[in-house]
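I opened a fresh notebook page for this protein. Here is what I looked up, entry by entry, for anyone meeting the structure for the first time.

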Amino acid sequence: MFSLRQTFSWKLFTYRVVIIVSLPIGTLGDTPEQPRLEPVGIVDVPGFTIEIVGYDAQQRVLVGTDPHWKSLDVFDVEAFDPLALTMFDLGGAGEPGPQGVDTVYEPTSVAVHPTQPVALVSVLGRSVEKRGWLLGVDLRRGEDTLGVHVLWQGLGFHPDGIAVSPDGRWALVACEGEGSPDTPGEVWAVDLAGLNADRRVRDGALPAFSLPGLAELMQQPAGGLEPEIVAFDPASRFAVVSLQENDAFVVVALPEGGSPRLVGRTLLADGANPDGIDVLDGVPGPDGRPGALVAVAEEGRFNHAGQTTGNTVSFYWLDPAALDQSAVLMSRTDVRPWVDAGEPDKRRDPESVKLLRAGGRTLAILTIERGDYLLGLDVTDPSHPVLFDKVKVGDRPEGLILVDHPSGILIVTGDEGNRGPGTISVTRLVVE
């Protein structure tokens with residue numbers, strides 16, 4: 001293994017770039033035809049931590065939520081491979097080291113618009129009894145543009161995951177309503193037709209509303225519902241939303257020319273505690289018909305007696321022509337032996353998951369929060385997922401995005417760290 005380190009002094013922490021070249025260890029054999037994961041680099045962020053990340057390829061800007069400093073940190077991507085990131089200083093004069101964009105309260109998630117140079121950030125309220133916020137941030141390079149607030153408007157209680165439809169029309173926000181039966185869990189929709197980087201907060205709010213019928217669909221009181229993460233169908237026909245404390249995910253239809261509406265639910269195994277979720281279309285179902293594959297990272301629960309539920313990844317087939325019907329379970333697999341066969345009962349907490357096609361295969365990439373791993377799974381047959389490789393990343397990976405790059409598909413994670421500092425990790429997916 002070869003490593004090259006460059007060290008700079010920033011804020012109260014250290015900025016470190018680690019370029020790593022190593023031979024991965026696969027589990028499907030060492031033939032060139034098998035996918036593999038190659039570490040590219042790990043960067044210590046100047047702030048205390050980082051969680052959810054996003055990327056604007058046009059601006060070559062990477063963003064990440066920093067809950068410790070209550071900011072959206074913005075990085076100049078000088079290069080991904082070899083990795084070279086520099087954090088923009090967007091803070092007030094006199095502050096030591098580079099500062100991120102002030103989010104006022106704690107940011108929980110971020111999504112970059114597919115066609116507009118704007119990052120949308122979900123932000124908590126002052127307390128759980130206060131409604132949260134949606135912040136829009138200009139990502140255009142320039143002294144008068146980069147980091148400027150373009151939107152600041154109210155949402156539901158305790159907003160968490162946010163995602164933007166691939167066609168750029170809608171944002172959905174999972175509002176957990178966490179902590180009180182008087183703060184309902186909701187899924188909010190924001191109409192982005194009027195969003196652009198030139199607008200400013202003074203221009204007012206965009207049309208937004210809570211999708212009606214979640215409590216009726218789930219057959220539970222709204223105060224006990226906790227929507228968590230949102231993922232859109234690549235064709236912008238529908239979205240899925242995990243409900244972590246309710247062991248379920250719901251489906252939101254996106255009718256052409258109409259508004260988003262809740263249409264279906266799928267109940268997961270007891271104790272699944274779903275976190276990350278993703279969708280890939282064009283996948284054959286049990287009867288051979290094409291449909292959508294839904295991947296769910298089931299974080300599970302852990303009690304003081306040392307018992308762990310979940311810690312699994314599950315795959316479901318969903319019929320886009322019957323979104324009101326429950327998805328069909330294809331497989332559900334305990335990830336702990338994949339992380340370390342010598343400790344198959346140790347808590348691992350799968351966090352985020354992404355689906356993609358590469359080299360004629362359907363693949364899933366999964367972050368393992370407790371263990372600091374990326375797992376690469378071949379799910380071409382979703383009824384029988386196979387681990388093809390695993391690789392170490394930074395401490396406690398949270399957010400996960402995929403970036404197209406000339407050297408291959410790059411996997412970028414925000415690693416929150418364990419009481420700091422957090423890191424950004426970049427891993428290359430190689431499919432020959």
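**Entry 1: the cores**

I began with the inside, noting beforehand that this is a predicted model. The largest nonpolar core holds 22 residues, and I marked F315, L355, L366, L375 and L377 as the ones that touch the most other members. Next I asked which elements each supply at least two residues of this core. My list runs β21 (274-284), β22 (290-298), β23 (312-318), α2 (336-339), β25 (350-358), β26 (361-368) and β27 (373-378). Then I found a second, separate core of 20 residues, with V187, A189, V230 and L254 among them.

**Entry 2: the whole protein**

I stepped back to see the overall picture. I counted 2 helices and 31 strands in the secondary structure. Does the radius of gyration agree or disagree with a compact globule? For 432 residues such a globule would have a value near 22 Å, and the protein has 21 Å, so the two agree. Along the principal axes, the C-alpha atoms fill a box of roughly 60 × 55 × 45 Å.

I also looked at what is covered and what is open. Of the 432 residues, 59% count as buried. The protein exposes about 17100 Å², and carbon and sulfur atoms supply 50% of that area. For contacts between residues at least 6 apart in sequence, I noted that 52% join residues at least 24 apart. On charge, I wrote down 34 positive and 61 negative side chains, with the centres of the two sets 1 Å apart.

**Entry 3: L355**

I went back to one of the core residues that touch the most other members, L355. My pointer landed in strand β25. L355 has 7% relative accessibility, and since buried means under 20%, L355 counts as buried. Which residues does L355 touch, setting aside those up to four places away in sequence? I found D278, V279, L280, L293, A295, F315, L363, A364, V379 and L402. I also checked a distance: G422 is 67 residues from L355 along the chain, and their C-alpha atoms are separated by 25 Å.

**Entry 4: R348**

Just ahead of that strand, I stopped at R348, in the loop between α2 and β25. Is R348 buried or exposed? Its relative accessible area is 6%, so R348 is buried. Not counting residues up to four places away in sequence, R348 touches N311, V335, R336, V339, D340, E343, I368, E369, R370 and G371.

**Entry 5: V251**

Next I turned to V251, which has its place in strand β19 (residues 248-253). V251 is buried too, with a relative accessible area of 1%. Beyond residues up to four places away in sequence, I listed its contacts as F238, A239, V240, R261, L262, V263, G264, L318 and L323. From V251 to L192 I read 20 Å, C-alpha to C-alpha, with their positions 59 residues apart in sequence.

**Entry 6: C175**

I found C175 in strand β14 (residues 170-175). How accessible is C175? The relative accessibility is 0%, so C175 counts as buried. Leaving aside neighbours within four places in sequence, C175 is in contact with L155, G156, F157, H158, P159, D160, P184, G185, E186, W188 and P227. D334 is 159 residues from C175 along the chain, and I noted 28 Å between their C-alpha atoms.

**Entry 7: backbone oddities**

I closed with the backbone. As a reminder to myself, most residues other than glycine have a negative phi, and most peptide bonds are trans.

Which peptide bond did I mark as cis? I marked the one from D81 to P82, with omega near 5 degrees. P82 lies in the loop between β6 (71-79) and β7 (84-87).

For positive phi, I wrote down R60, with a value near 55 degrees. R60 is in the loop between β4 (53-56) and β5 (61-66), and at 36% relative accessibility R60 counts as partly exposed. I also wrote down Q219, whose phi is positive and near 55 degrees. Q219 has its place in the loop between α1 (214-218) and β17 (227-232). With 63% relative accessibility, Q219 counts as exposed.

Technical notes:
Residues are numbered from 1 along each chain as its sequence is written. This is a predicted model: local features need pLDDT of at least 70, side-chain atom pairs count only at pLDDT 80 or more; totals for chains, interfaces and linings use all residues. Side-chain values use heavy atoms; hydrogens and water are left out. Helices (H or I, at least four residues) and strands (E, at least two) are DSSP runs, numbered from the N terminus. The radius of gyration is taken over C-alpha atoms; the globule rule is 2.2 Å times the number of residues to the power 0.38. Buried means under 20% relative accessible area, exposed over 50%, partly exposed in between (1.4 Å probe, protein chains only). Contact means heavy atoms within 4.5 Å. Accessible areas come from the Shrake-Rupley method with a 1.4 Å probe; for residues, only the protein chains shown count as cover. Lys and Arg count as positive and Asp and Glu as negative; His and the chain ends are not counted. The place of a charge is taken as NZ of Lys, CZ of Arg, CG of Asp or CD of Glu. A nonpolar core is a set of buried Ala, Val, Leu, Ile, Met, Phe, Trp, Tyr and Cys residues joined through side-chain atoms within 4.5 Å.
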